[in-house]
Amino acid sequence: MLLPWVESCVGEVNTAKRIADEFGGKLQPMRYAKGFKVYEKKGVKRILILNPIDSTEVLGDIIVEPRSKRGVAQYPNSIKVPLERTICLSSTQIAYFTELNATGSLVGINSSDYLFNKDIKARIADGKILRLGKEGNFDVEKIAGLNPDVVFVSPIKAGGYDAIVGLGLHLVPITAYDETTPLARAEWIKLIAIFTGQEAEANRIFAHAEKEYLRLKALAANVKSRPTVFSGKMKGDSWYVPGGESFYAIYFKDAGADYIIKDKDKGGSTVDFETIYQKAAHCDFWRLRTSSPAGFNSASLLAEDARYGYFDAFKNRKVMLINLRETPYDEINPVRPHQMLADYISFFHPELLPKYRRLFYDTLTYSNEVVAPKERRKR
């Protein structure tokens, strides 16, 4: 089913093929990304953002013309580029702008709890960029008052978008998070570059990331042993488990590790503690993500749930930690898949990258007073 806030969607007849046939033009090939298509005709680009559930359906139909083009616009509702006033309602979208050094057009962003980019923070302090709230609670009046050329949105996020549709603004859905490979997510920089007028630079950036990623993948391809790894932790009564063909699973595989989940799920599912413990009790490594205050360590982890101490990875001090309060993960990781892969390899096979300094992850710090249980108590 198409999302109600996408003005261009008019039901099943609005398929990608129909629009492409109507527009004509040359399809610009993408190497990995599946979530969008770009057609070009006489300097005009037509961008189709595809429904991740059914790629024949269109979430966004955007026509882009150069701002320098003279005369009457061939397409009255087109977006003129490069953009002069941009709103991003997701932190991960900002990553593409920062990598392109194109944050100058930003006038509004979501109210992320964690923001590291110094230039953006300075412009917020000067009132040149406004924080617009979070999903489900955007400040619609502020958004309208900024008079943006484009509002980049994440269609799966809950709430807020119906009200934005009523403002009559150009909405561009970004579904890079639905891509199932690291390089596919990174390739969305080519889409953002259309709006910033930096397509050649985006091609250069992506080519470098691709080259390095494939080099590192090849480096880890022939390792003699593949350590086992699992991911996540409890949230409430559930543990989110990435699927066996998910984005994270691909990273682990390419880094020379054996991910314990073997299903065909490209997304993930929630399970109880007992289920994950049966699978992961004796895993070599544990990937852990948190947004806890600075100084999060082994004692902090056990304070959340003492059962975490039962895992061999905890006992053997092989917990790979990323703390969103201390690392600009969301602002970097979409466009740096090669560096993320290098981080993983440095844990699983440190001999392959003996001089590498990690960008995202660190080893969980152990406080002196914490002693992990040697054996799980029988129930």
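**Close-up views of salt bridges, a helix pair and two buried residues**

The count of salt bridges comes to 18, a salt bridge being a side-chain nitrogen of Lys or Arg within 4 Å of a carboxyl oxygen of Asp or Glu. The model is predicted, so local features need pLDDT of at least 70 and side-chain atom pairs count only at pLDDT 80 or more, whereas totals for chains, interfaces and linings use all residues. Residues are numbered from 1 along each chain as its sequence is written, and side-chain values use heavy atoms, with hydrogens and water left out.

**View 1. Salt bridge between E22 and R46.** The side chains of E22 and R46 meet at 3.6 Å, N to O. This pair links distant parts of the chain, 24 residues apart, with E22 in helix α1 (residues 16-23) and R46 in strand β3 (residues 44-50). Helices (H or I, at least four residues) and strands (E, at least two) are DSSP runs, numbered from the N terminus. E22 is exposed at 53% relative accessibility, whereas R46 is buried at 10%. Buried means under 20% relative accessible area, exposed means over 50%, and partly exposed lies in between (1.4 Å probe, protein chains only).

**View 2. Salt bridge between R67 and E84.** The closest N and O atoms of R67 and E84 are 3.6 Å apart. Because R67 lies in the loop between β4 (58-66) and β5 (79-81) and E84 in the loop between β5 and β6 (86-88), the pair ties together parts that are 17 residues apart in sequence. R67 is partly exposed, with a relative accessibility of 32%.

**View 3. Salt bridge between D254 and K217.** The side chains of D254 and K217 meet at 3.9 Å, N to O. D254 belongs to helix α9 and K217 to helix α8 (residues 199-221), so the salt bridge ties together parts 37 residues apart in sequence. D254 is buried at 9% relative accessibility, and K217 is partly exposed at 35%. Elsewhere, R18, E22, R46 and D61 are joined into one network by salt bridges that share partners.

**View 4. Helix α9 against helix α14.** The axes of α9 and α14 (residues 337-348) come within 9 Å and cross at roughly 60°. Axes are lines fitted to C-alpha atoms, for helices over the stretch in contact, and angles run from 0 to 180 degrees between N-to-C directions. The crossing makes α9 oblique to α14; angles under 35 degrees count as roughly parallel, over 145 as roughly antiparallel, 65 to 115 as roughly perpendicular and the rest as oblique. Y248, Y251, F252 and D254 of α9 meet P337, M340, L341, Y344 and F348 of α14, contact meaning heavy atoms within 4.5 Å. The residues of this contact comprise eight nonpolar, no polar and one charged. Here Ala, Val, Leu, Ile, Met, Phe, Trp, Tyr, Cys and Pro count as nonpolar, Asp, Glu, Lys and Arg as charged, and the others, Gly among them, as polar.

**View 5. Surroundings of F252 in helix α9.** F252 lies within α9 (residues 247-254) and is buried, with a relative accessible area of 0%. Not counting residues up to four places away in sequence, F252 touches R226, V229, S231, A257, Y259, R287, Y344 and F348. The C-alpha atoms of F252 and A342 are 11 Å apart in space, with the two positions 90 residues apart in sequence numbering.

**View 6. Surroundings of T86 in strand β6.** T86 is buried at 0% relative accessibility. Beyond residues up to four places away in sequence, T86 touches F97, S105, L106, V107, G108, V150 and F152.
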